[in-house]
Amino acid sequence: MISRKGNMKLSNSELREFLDQRVDIYNRPSFIGSDPVSIPHRFTAREDIEIAGFLASTIAWGNRVAILRSADRMMAIMGHTPYDFIINHRESDLKGIDGCIHRTYFAEDFIYFIEAMKFIYLEKGGMEAVFARHQTIDSLQPAIHEFRRIFFELPHNGRTERHVSDPFKGSAAKKINMFLRWMVRRDDRGVDFGLWQSIPSSVLSCPLDVHSGNVARKLGLLTRKQNDAKAVAELDARLRALDPADPVKYDFALFGLGVFEHF
């Protein structure tokens, strides 16, 4: 029995067994319904899944019911055909977008994201191509930095940049790491999509937030107190020691232990 009070020291084999059990519990289709990943799961076309996933992950902070409601509004604005809207929208289609989309993500931000994604698809070969081109043998963090740089090449309000984090500026980049898990990670459980075959699951990083960070510290996986880029690198090293091929499957365990079990 593993105590839930205070930090604990476990061997790698004990820790792997404990976390693998939790991955088995939470990495199931039943996880989808209340999670932002449910938004891209509404679609079957590759580009629709990518766009819906990127937008849903962009606003994935705060109350989960509110996140889903806000993401649903974005899908409705795009007529529930995200890729077609991104590529073929006219200026008049954007004029009805106003107000707050989700917390500090406003209409102006959403409109810029629409234009920037069109640029990415038509001029840069799509989102997968950008991330694949800039991945390294052991990380997607440089690719996140380059994607962000390309994403903001069009004229924009500087405040919109807050909605795509940069690990090179010290951010844990939780939301975009979560999006990358959805797109890249492959298994037979049906939660993650595994659409992007040009990127291996081994280079993914855990979407680090308050819940997963606190659980990781209690389990001895993380010593750094801040949830930042250095903490992501530390957690990556520990999780890759447990499963080099699929380290971010443990995101299910850390998140489930924190949110559902109050570990």
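Contact here means heavy atoms within 4.5 Å. The model is predicted, and the exercises below work through it region by region.

**Exercise 1. Find where serine 38 sits, decide whether it is buried or exposed, and list the residues it touches.**

Step 1. Serine 38 belongs to the loop between α1 and α2 (46-58).
Step 2. Buried means under 20% relative accessible area. Serine 38 has 13% relative accessibility, so it counts as buried.
Step 3. Leaving aside residues up to four places away in sequence, serine 38 touches Ile32, Gly33 and Leu68.

**Exercise 2. Determine how far helix α12 is enclosed, and by what.**

Step 1. Helix α12 covers residues 250-259, and 9 of its 10 residues are buried.
Step 2. Those buried residues are Tyr250, Asp251, Phe252, Ala253, Leu254, Phe255, Gly256, Leu257 and Gly258.
Step 3. The cover over them includes α1 (12-26), α3 (64-77), α9 (174-184), α10 (210-218) and α11 (229-242).
Step 4. Because 9 of the 10 residues are buried, α12 is largely enclosed by the rest of the structure.

**Exercise 3. Describe how α1 and α11 pack, and which residues make the contact.**

Step 1. Two packed helices are described by the angle between their axes and the distance between the axes.
Step 2. For α1 and α11 the angle is about 90°, and the axes are 10 Å apart.
Step 3. Angles of 65 to 115 degrees count as roughly perpendicular. α1 is therefore roughly perpendicular to α11.
Step 4. From α1, the contact uses Asn12, Leu15, Arg16 and Leu19, and from α11 it uses Arg238, Ala241 and Leu242.
Step 5. Sorted by class, the contact of α1 with α11 has 4 nonpolar, 1 polar and 2 charged residues.

**Exercise 4. Work out which residues touch the most other members of the largest nonpolar core, and which helices supply it.**

Step 1. The largest nonpolar core has 66 residues, of which Phe54, Leu55, Phe131 and Phe151 touch the most other members.
Step 2. At least two residues of this core come from each of α2, α3, α4, α6 (107-123), α7 (127-134), α8 (141-151), α9 and α12.
Step 3. α6 gives the largest share of this core, 10 residues.
Step 4. Another core, of 23 residues, lies apart from this one, and Val23, Leu221, Val232 and Leu254 are among its members.
Step 5. Take phenylalanine 131 as an example: not counting residues up to four places away in sequence, phenylalanine 131 touches Leu140, Ala143, Ile144, Phe147, Ile176, Phe179, Leu180, Trp196 and Ile199.

**Exercise 5. Locate histidine 80 and arginine 103, and state the sign of phi in each.**

Step 1. Most residues other than glycine have a negative phi.
Step 2. Histidine 80 is not a glycine, yet its phi is positive, at about 55°. Arginine 103 also has a positive phi, near 55°.
Step 3. Histidine 80 is in the loop between α3 and α4 (82-88), while arginine 103 is in the loop between β1 (100-102) and β2 (105-106).
Step 4. Histidine 80 is partly exposed at 42% relative accessibility, and arginine 103 is partly exposed at 48%.

**Exercise 6. State how many disulfides the structure holds, and say whether cysteine 100 and cysteine 206 are buried or partly exposed.**

Step 1. A disulfide is a covalent bond between the sulfur atoms of two cysteines.
Step 2. The structure holds 0 disulfides.
Step 3. Cysteine 100 has a relative accessible area of 37%, so it is partly exposed.
Step 4. Cysteine 206, at 1% relative accessibility, counts as buried.

How values were computed
Residues are numbered from 1 along each chain as its sequence is written. This is a predicted model: local features need pLDDT of at least 70, side-chain atom pairs count only at pLDDT 80 or more; totals for chains, interfaces and linings use all residues. Side-chain values use heavy atoms; hydrogens and water are left out. Buried means under 20% relative accessible area, exposed over 50%, partly exposed in between (1.4 Å probe, protein chains only). Helices (H or I, at least four residues) and strands (E, at least two) are DSSP runs, numbered from the N terminus. A nonpolar core is a set of buried Ala, Val, Leu, Ile, Met, Phe, Trp, Tyr and Cys residues joined through side-chain atoms within 4.5 Å. A disulfide is a pair of cysteine sulfur atoms within 2.5 Å. Axes are lines fitted to C-alpha atoms, for helices over the stretch in contact, and angles run from 0 to 180 degrees between N-to-C directions. Angles under 35 degrees count as roughly parallel, over 145 as roughly antiparallel, 65 to 115 as roughly perpendicular and the rest as oblique. Ala, Val, Leu, Ile, Met, Phe, Trp, Tyr, Cys and Pro count as nonpolar, Asp, Glu, Lys and Arg as charged, and the others, Gly among them, as polar.
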